[in-house]
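Got your viewer open? Here is a short tour, stop by stop.

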2 protein chains.
Amino acid sequence: MSALDTAMPARMTEVRAAIKTGLETALARLPAGELRDAMEYGCVGGKRIRGFLVMESARLHGAEDAAALPVALAVEMLHAYSLIHDDLPAMDDDDLRRGMPTCHIQWSEATAILAGDALQSLAFEQLTDPAVGDTEVRVTLVRRFAEAIGARGMVWGQMQDISAEQAVEPLDLNAVKSLQQAKTGALIGFAATAGAVMRGADPAPMAEYARNLGLAFQIADDILDVTGDEETAGKRVGKDAAAGKATFVSLLGLEEARDKAAAMVRRAELALTPYGDGDQTGAAAENLRQLARFVIHRQT
Amino acid sequence: MSALDTAMPARMTEVRAAIKTGLETALARLPAGELRDAMEYGCVGGKRIRGFLVMESARLHGAEDAAALPVALAVEMLHAYSLIHDDLPAMDDDDLRRGMPTCHIQWSEATAILAGDALQSLAFEQLTDPAVGDTEVRVTLVRRFAEAIGARGMVWGQMQDISAEQAVEPLDLNAVKSLQQAKTGALIGFAATAGAVMRGADPAPMAEYARNLGLAFQIADDILDVTGDEETAGKRVGKDAAAGKATFVSLLGLEEARDKAAAMVRRAELALTPYGDGDQTGAAAENLRQLARFVIHRQT
């Protein structure tokens, strides 16, 4: 194992700790009670891949950790809200998440809906933190965030996913791809390009990285749903196949899905070519390369 | 009837038309489908009191209608999302709203949850519209909006309301007041102070106006729940009494509740004293005075 191979996990640990503390601090400012407890519960655990993307995207463009952290918190809060709402009985009806009972099981449906709603607002609030940058940067981030997570992005993707479950014909590969590029890809795209926006740089290379990373991530998720076990994954598996849902695995088969994910990872790595190998830039680019490889080898 | 008495309804009609067109335009930019249809459905109708507050608050401070409109749209989208989620079976479980089936009855629970979620994001997006003002103004509005509608404001109030329904002891007057100041008052406060923020003026007088207007509005709502009829109100009435819920009417009686609402309206009018009587300012202040009187005499 090279020095860089150990640097990425160390950085991941550091980022996770910073995000954990940041989330706790932001939530501690809210009035105590069941709403805050449920919001906090929804934010516990997780791989923090989206937050890590923000931090490394920032470093890649020469932004400070202190400036990137509120953006990473926004992305993680938003992700937590989306999971809480996706798990609701009227949606995916899941009872297990990150190895714990889902939010509406632990509390109640009403509390879970409200905790998700309030996490969305709190995510936007993070982006207004003066530490992030000047007002131009912050407004641009708010606009890009709103576009990524709403009726053109994440929520649109989730709606397609729900509709597909009720449709007679399963989706084809293009439809699954565009659904996933919205449902998980849009927020990943926001996270990966945040550093460029913060420094007024061209976000295109990181957008290309994110497109490939997002699809590789989703293919890996579909593979895990078939091959993973619940205890390691911390969530129910085998649900998609049981529901007859079109996934990358059902459409491509396990082997071709694996090949496709590996090809996406190579393209994601290639997208990082424009970035130099300065101390900070090089370390961040290498971490992002390793992250791309990590997402298809993870077990959770 | 004086000229001013006819000016306010005319301005209200004008503002409602501008908001209707603005909402339609913003929603038309989204991908077609059930999600957009449900979002549009949730935005139809309504008195547009919050949007009107934004427009008159802007005029009171010398801001243009074109600058205020995106903020009014944000407030109305946010209000629409809050009604869609409040009406859900796990929340207030209402089947009638603005004289039409509620969103989850018309579509489905999943669609209603997602339509609300996407309306929240879209509301934030409106605030980033360059027409609103410079980046400093827009970031400040985003921050104030996030604070007003989240776990310190609107959602906190809704959570208290839901919890109160399950509690053994009904709430006392102070608890009902603080619940309502959050649940309906926080967004009204944001709307009423938006103009001051847009023009860098002191928001305190309009915040005082909004506090009183919001409480008068809520007392009138509680009175309507007892004395109103469903057809005129366009929503179910008598629900609070049937649920044994503490309201301003159950705590004060009908007569004292009416007196209190009238006193609040006088205080709201008094809060407008600092504003001059220039052409625009005077007209806006007079409209805001009439709005305060309107909220306690409305039948819906």
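We start with the whole assembly, then visit some cysteines and a helix pair.

Before clicking, note that this is a predicted model, where local features need pLDDT of at least 70, side-chain atom pairs count only at pLDDT 80 or more, and totals for chains, interfaces and linings use all residues. Residues are numbered from 1 along each chain as its sequence is written, chains are lettered from A in the order in which they are written, and side-chain values use heavy atoms, without hydrogens and water.

Colour by chain. Turn chain A by 180 degrees, with 0.0 Å of shift along the axis, and it lands on chain B with an RMSD of 0.0 Å (least squares on C-alpha atoms of residues with pLDDT of at least 70 in both). The two copies are thus related as by a two-fold rotation axis.

Next, select C43(A) and C103(A). Their sulfurs are 9.6 Å apart, too far for a bond; a disulfide takes two cysteine sulfur atoms within 2.5 Å. Over all chains, there are zero disulfides. C43(A) is buried at 5% relative accessibility, and C103(A) is buried at 6% (buried means under 20% relative accessible area, with a 1.4 Å probe and protein chains only).

Last stop: show residues 109–127 and 135–149 of chain A, helices α6 and α7 (DSSP runs of H or I, at least four residues, numbered from the N terminus). Their axes, lines fitted to C-alpha atoms over the stretch in contact, lie 9 Å apart at about 155 degrees. α6(A) and α7(A) are therefore roughly antiparallel, the word for angles over 145 degrees between N-to-C directions. For the contact (heavy atoms within 4.5 Å), pick residues including F124(A) and L127(A) on α6(A), and F145(A) and I149(A) on α7(A).

Key. Buried means under 20% relative accessible area, exposed over 50%, partly exposed in between (1.4 Å probe, protein chains only). Axes are lines fitted to C-alpha atoms, for helices over the stretch in contact, and angles run from 0 to 180 degrees between N-to-C directions. Helices (H or I, at least four residues) and strands (E, at least two) are DSSP runs, numbered from the N terminus. Angles under 35 degrees count as roughly parallel, over 145 as roughly antiparallel, 65 to 115 as roughly perpendicular and the rest as oblique.
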